[in-house]
Amino acid sequence: GNNNHAVPTGVFTYGTGKVGAMSANFDGTTFASLTKVVQTNFTVAAWIKTTTNGLAPVVDAESPGTSADWGTLVSGGKFGMFCGAPDTFVYTTVNVNDGNWHHVAATRRSDTGEVRLYVDGAFNNSAILTAGPRSGSVDFHIGANHAPARLKFFTGSMDDVKIFDSALNVSEIAAL
């Protein structure tokens, strides 16, 4: 939206989508880059389908080293978010790596550092992470992190990835 189109790296294949006709298949080497569009209050939402047990970035705005960065990921089967300087994490209490489509969303408030996680339209978990703008990254990656020495990729399918410049409320997340 708003002419913020992601640029693919690698050759994507496409499968049956959860929303619309097609979804992007991430094979563990492909990802997409997007100009940085948020750094204070925001929501990241996507439909994901994966069976990964390792660390798999969903939307990542990480910068190498200690910086005011952030990212959403699947790790240990659970959806989560981190905020940097220092890195602090929060994860869902339910697994999303069962090979079925799951809608995942993370909201963040800059003034308090509150992060709220949602799975399949329902609130699941929250935590107070690092407050303040997340200005450390230059761009966003969809399906990969930014750490060259420890590069990680998402494997599975993603559909309808959305980034909002506000922390959506419970009813707005459910409507997605």
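Biologist: Happy to look at this with you! Which residue forms a salt bridge with Lys 162?

Modeller: Glad to help; bear in mind that this is a predicted model. Lys 162 is partly exposed at 32% relative accessibility, and its partner is partly exposed too, at 27%. The closest N and O atoms of the pair are 3.8 Å apart, which counts because the cut-off is within 4 Å. The partner is Asp 160.

Biologist: How far apart are the closest N and O atoms of Arg 109 and Asp 111?

Modeller: Side chains of opposite charge can pair when their charged atoms come close. Here Arg 109 is partly exposed, at 36% relative accessibility, whereas Asp 111 counts as exposed, at 54%. Their salt bridge has its closest N and O atoms at 2.7 Å.

Biologist: And how many salt bridges does a search of the whole structure find?

Modeller: Besides the pairs we have discussed, Glu 114 and Arg 116 meet through their side chains at 3.7 Å, N to O. Glu 114 has a relative accessible area of 23% and Arg 116 one of 24%, so both are partly exposed. Searching the whole structure gives a total of three.

Biologist: Turning to the interior, how many residues does the largest nonpolar core have?

Modeller: Nonpolar side chains tend to be buried together in soluble globular proteins. In this model, Ile 48, Val 58, Trp 70 and Met 81 have the most contacts inside the largest core. Apart from it lies another core of five residues, including Tyr 118 and Ile 173. The largest core has 31 residues.

Definitions and conventions:
Residues are numbered from 1 along each chain as its sequence is written. This is a predicted model: local features need pLDDT of at least 70, side-chain atom pairs count only at pLDDT 80 or more; totals for chains, interfaces and linings use all residues. Side-chain values use heavy atoms; hydrogens and water are left out. A nonpolar core is a set of buried Ala, Val, Leu, Ile, Met, Phe, Trp, Tyr and Cys residues joined through side-chain atoms within 4.5 Å. Buried means under 20% relative accessible area, exposed over 50%, partly exposed in between (1.4 Å probe, protein chains only).
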